[in-house]
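Student: I should like to study a protein model with you. May we look at the sequence and structure together?

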Amino acid sequence: MTIVKVSRRKHQHKRRQVGNPIIAIIDLISLLIGSYGIYMNIMKTQLPEYFANAGHWQFLTNLALVYSLIVFLLGFIAHLIKSNWLFELKNNFHPIGLALETIVTIIYWPLRLFFLPLLAHDPDVFHLPLSTDLSIHLMPVISLLIDYLIFMPRWKIKNHTAAILVVNLTVMYWYLLEYLVDIENGAKYPYAFMDVDSVYHRMIIFSVIALIAFLQFLFLRKVYDWIVETTEEIDSAIDRKFPEKDD
């Protein structure tokens, strides 16, 4: 029984291989929507005075979106020209992008809908057009999830490597904000929940965010395995019923 299970796990359905036109189209659409989000949220948005000096790149949303656009671009080109090398490169970049976008989604939407004062420093004047909001705070995570759960092979990254990456990215963002945000001259942190009384409390917040990112990695890997286990029999049955014909 064990041998059969291993051999089936090694089977990779054709939709999870390079050259799939469906995910190529999804990547292209995601690129266009994400580019629109960058244009509207960065190029056309004037920041308030307390954000102006640090600029748009203090926001994790913008950093994650740019990273996701790179993943979408790599995926689109890989599937378009059927490049296994680019496909592997995109697949290696993908877990980080999904971790970043998951954090953005998990933090942003509950605060946006129910606890806006914890998100925005001036809730009464906070306004983001719905099209822009969805393009930068929801589209990326949905597209990355669709890619991973339906069109990608299993992540190759090990759990301990993922943990190290999450810690490193968290530390990098911490020091980026320390470099950009000049509190003594009236600047504020990009998200209101970061404006706490002490560095110690801010460290706890960052640690919780890092933990959530790592837990979502473990969770999505389990979800992926469950989906593959429950759908591979259906995929195999369809392949047997409608075998591919050689051109």
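Student: What percentage of contacts between residues at least 6 apart in sequence join residues at least 24 apart?

Tutor: This is a predicted model, in which local features need pLDDT of at least 70, side-chain atom pairs count only at pLDDT 80 or more, and totals for chains, interfaces and linings use all residues. Residues are numbered from 1 along each chain as its sequence is written, and side-chain values use heavy atoms, with hydrogens and water left out. A contact means heavy atoms within 4.5 Å. Among contacts between residues at least 6 apart in sequence, the share joining residues at least 24 apart is 78%.

Student: How many helices does the protein have?

Tutor: Helices (H or I, at least four residues) and strands (E, at least two) are DSSP runs, numbered from the N terminus. The protein has zero strands, and its helices number nine.

Student: Which helix gives the most residues to the largest nonpolar core?

Tutor: Such a core is a set of buried (under 20% relative accessible area, 1.4 Å probe, protein chains only) Ala, Val, Leu, Ile, Met, Phe, Trp, Tyr and Cys residues joined through side-chain atoms within 4.5 Å. The largest one holds 60 residues, of which Trp 155, Tyr 191 and Met 194 touch the most other members. Helices giving two or more residues include H2 (21-43) and H5 (84-114). With eleven residues, the greatest contribution comes from H9.

Student: How are H5 and H7 oriented to each other?

Tutor: Their axes, lines fitted to C-alpha atoms over the stretch in contact, are compared by angles from 0 to 180 degrees between N-to-C directions. H5 and H7 pack at about 135°, with axes 9 Å apart. Angles under 35 degrees count as roughly parallel, over 145 as roughly antiparallel, 65 to 115 as roughly perpendicular and the rest as oblique. The orientation of H5 and H7 is therefore oblique.

Methods:
Buried < 20%, exposed > 50% of the residue type's maximum accessible area, 1.4 Å probe, protein only.
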